[in-house]
Amino acid sequence: MTINTSEQQAQSQLGSGHYKEAIRLYKKLWAETDDKKYQQQLAFCYLQRALSFASRGMAKEALVLWGNYTQYTEPPYAAYDHYILCLILTKEQNKLQTALNELSAEQLDKQYPELSSLLGLLILTEQPELQQYLPQSSVLITQLEIIKTALQHYQDNKRDELNNDLKSIPYRSAFKDLRTLLNAVQLIPEETSQAQKLLTKIPDNSIYSQAANLLLSFTLEGQELLDKLATLSNKQRKLITKLKGFNKEQIQFIDYLIQHKDRLNDKIKFNVAIKYQSLWDSDFIQQFCQALLAHYPAGRRDFNKYFTRPGVFEENRIKALVYESKDNTYAAEEHWLNCIDALKAEENPDNHLKIAFIQRHIAKQQPSSEESTQLIIDSLEYDPEDLSSYKQILHDLSQYDEDIKEYKSWLKKALEKFPDNIDILTQAINTAMDNKANKKACQFALKILKQDPLNTFAKDVLFTSHLAHARVLITSKKYHLVDNEINQAEALKLGKHYLSQTQLLRGILCFVSEGKEKGLKYIAEALNHQHLDPVNAYFQVAMEALLANLPYTSILKVLIPVKGYLLSEQELKRVIQQLEYYGKDKSIEPLLHKALDKIKPALKISLAEQSYTEDLFLSLTEALDKHNAFQLLRYCSKQALDRWNKPIWHYYQAYSNCNGEPESCNYNFILRLEKAQQQTSEDKDKRASLLIKPFLDDYYYAHPQRSMDFLDKLFGFAEEEDEEYLFDPMESLFGHLSESVVGKMGRQAETIAKNTSPERLLKDVVNGAVSIEKVMSALMRNPNLLTALAFLKAADNLNIDININISDVLDAFNVNQSNKCPF
């Protein structure tokens with residue numbers, strides 16, 4: 001093998017990190033050529049091997065390789081700090097002293113920061129004698145004396161002197177992390193969270209990181225402390241529990257939990273709670289064990305041995321919580337009501353708050369908003385000062401037009417109880433605006449501004465009221481009073497957009513009071529200041545003219561025609577903003593539709609030809625929906641559906657085609673919506689689902705002949721519309737149940753239908769009461785039998801007693817039974 005070949009092989013091994021093989025090849029090359037470059041390569045390879053062993057904690061092996069390294073090179077040696085670290089680890093004191101004596105102050109202070117930190121810690125703790133072997137002129141020695149003084153001041157509890165000492169330790173000092181530790185210690189226990197923040201700043205590679213980690217463990221409590229202790233060694237855990245002042249029994253309890261942390265089943269929890277019950281309040285440990293009995297009934301004997309029988313309230317409270325943990329809110333409600341009865345029976349005013357809390361808790365579980373609202377109303381009898389309950393009642397009642405009288409009654413009560421609450425005042429403003437009571441709305445807005453002078457909603461209400469009053473004055477020809485209203489609106493200083501509206505209104509005033517020509521000029525100037533596109537200008541002028549009861553056609557003639565104009569995204573957003581602004585007053589909706597008619601051609605061509613985002617389409621759709629602009633809504637939803645075949649656009653297509661009245665919706669649209677509703681589940685599209693489901697519910701409520709066949713569709717039965725048999729059996733079987741119970745059963749039945757085949761359902765429910773062949777024959781005559789069986793199964797799954805069994809169902813559907821067997 002030639003020299004060149006051997007050298008190439010050696011370089012290859014070196015480049016691959018195979019230092020042992022490289023050493024063998026370089027030794028051979030050096031022996032053959034006596035070339036010093038191979039000696040240098042040998043030194044490098046030995047050094048890399050030494051560092052590799054040191055990084056793996058094999059300090060003795062690393063020192064042997066270091067010795068080989070020094071044979072092939074001259075001082076100063078590379079990685080000298082690693083050599084000293086290995087000497088410290090192997091405790092070779094003589095060599096260590098020699099190595100430290102050879103260190104320069106520059107090496108110690110600038111080149112080897114990690115070594116300096118370790119030496120500083122060793123001198124302060126286990127090996128103070130090392131200080132004499134270090135260069136005394138080094139910064140480390142100077143700062144060592146400062147930190148020693150600081151530690152003495154800490155022991156003497158001299159906080160001011162300690163803080164002055166710590167301020168003398170610079171940011172780049174070998175003791176910077178010890179300084180952070182001492183600062184954190186001073187904050188415990190008064191400012192524990194601040195101490196924790198300081199401790200997390202000490203990096204993981206710091207020599208003080210372990211001390212920081214232990215101190216951080218000391219600051220924790222409860223579950224966090226237990227989780228942390230589980231990660232520590234036995235020695236470290238003993239240190240923390242000792243510092244915490246835990247007694248022997250507490251330490252045993254912690255050790256037991258850590259030992260069983262991966263298999264803490266109910267039995268172990270129960271037994272350990274009994275064993276260490278002296279560590280807790282007796283009422284708490286009794287409640288804890290009682291709750292576990294639901295899952296560990298074998299503990300009943302020990303429970304009776306160690307605890308007194310709980311009262312009616314406590315027993316029902318625990319049962320209710322257990323049922324809730326199993327998602328059985330129906331059964332839980334019964335026990336919560338028993339809790340209320342028990343509290344009422346005690347006739348203790350101190351129980352009133354508990355009763356109210358329980359009633360509000362039950363309210364959250366109700367499927368019907370009416371039942372939920374009534375429970376919250378009832379809770380106010382026991383806790384009449386609860387603001388959140390008033391807000392919830394107002395929210396619930398505001399959802400339905402038929403509750404408007406009751407809503408106003410509760411709003412009045414809320415205002416009497418909380419006259420200065422901004423949320424209540426905001427609702428009062430909205431109600432006053434809906435009732436055209438602008439004066440009242442202004443009064444409420446002024447009350448808000450007294451508390452919150454920057455409240456933009458209140459300012460907006462005042463602005464709108466001033467302009468509305470100004471328009472009324474224009475229509476009644478009291479022109480001399482209009483300017484004052486406009487001035488008051490401008491004084492609110494709401495921004496350029498609002499100022500442009502007042503300028504336009506001044507133009508309208510000028511048009512009627514000083515002449516058409518001058519007025520048109522003023523209007524044109526106002527529009528130029530706004531930099532409006534033709535469509536938005538048309539719409540705004542049309543609205544202002546209509547609100548002032550003026551012939552708007554003559555005003556619009558001076559504007560740029562909008563036919564064929566394509567709106568940009570920003571311009572379409574401005575149209576939506578104007579719809580929102582003018583649409584606040586529902587009473588002017590007919591005027592809004594007239595103004596929309598003027599820009600309809602431009603809107604249609606823009607929707608058809610521009611590449612708007614789906615979000616922008618949705619914003620426009622929602623705005624049109626809010627103001628019942630169904631003709632434009634139909635066009636918009638059609639364009640959107642052509643681009644994005646999604647459930648939400650199927651909804652808006654169906655919704656707009658029936659003008660927002662589900663009961664008059666074409667059945668073909670309903671069938672499409674049912675498919676779309678299924679798609680929302682697959683796509684997890686909650687937004688579309690929340691729109692489609694109520695729409696379908698309203699349709700089926702208006703058309704009951706179609707409402708009970710959804711299970712048949714889910715199971716794959718063909719649709720039949722024989723009204724003679726579809727509903728009477730269902731009514732006779734389930735008509736006695738409340739609407740909320742039927743709702744719960746219906747949702748559960750849908751789940752069963754989606755996850756269970758018809759054959760499996762029949763086998764589970766019929767259970768030998770009659771032959772499957774007879775049931776299948778009856779199903780062919782009346783598919784609604786399957787719905788009834790699914791409802792029966794649903795009631796059983798929910799543990800609801802409906803006083804109906806399989807025999808009753810089969811009798812209702814005229815299925816002959818050879819032997820009756822209860823379900």
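This passage looks at model confidence, the nonpolar cores and the cysteines of one protein.

The structure here is a predicted model, so it makes sense to start with how confident the predictor is in each residue, which is what pLDDT reports. Across the protein the mean pLDDT is 85, and 93% of the residues get to 70 or more. Two stretches fall well short of that mean. Over residues 716-727 the pLDDT stays under 50, and the model gives this stretch 23 contacts beyond four places in sequence. Residues 818-823 are also below 50, with 17 contacts in the model once near neighbours in sequence are set aside.

Next comes the inside of the protein. The largest nonpolar core brings together 127 residues, and Phe539, Leu596, Leu624 and Trp649 have the most contacts inside it. Helix 32, which covers residues 534-547, supplies the largest share of this core, with 10 residues. Leucine 596 shows what such packing looks like up close: beyond its neighbours within four places in sequence, Leu596 touches Phe539, Leu579, Leu603, Leu624, Ala629 and Leu632. There is also a second, separate core, this one of 65 residues, with Ala10, Tyr72, Tyr83 and Leu215 among them.

Finally, the cysteines. A disulfide is a covalent bond between the sulfur atoms of two cysteines. A search of the whole structure turns up 0 of them. Take cysteine 289, which is in no disulfide: the nearest cysteine sulfur belongs to cysteine 339 and sits 19 Å away. Cysteine 289 counts as buried because its relative accessible area is 0%, under the 20% cut-off. Cysteine 510 is buried too, at 4% relative accessibility.

Definitions and conventions. Residues are numbered from 1 along each chain as its sequence is written. This is a predicted model: local features need pLDDT of at least 70, side-chain atom pairs count only at pLDDT 80 or more; totals for chains, interfaces and linings use all residues. Side-chain values use heavy atoms; hydrogens and water are left out. A disulfide is a pair of cysteine sulfur atoms within 2.5 Å. Buried means under 20% relative accessible area, exposed over 50%, partly exposed in between (1.4 Å probe, protein chains only). pLDDT is the predictor's confidence in each residue, from 0 to 100. Contact means heavy atoms within 4.5 Å. A nonpolar core is a set of buried Ala, Val, Leu, Ile, Met, Phe, Trp, Tyr and Cys residues joined through side-chain atoms within 4.5 Å. Helices (H or I, at least four residues) and strands (E, at least two) are DSSP runs, numbered from the N terminus.
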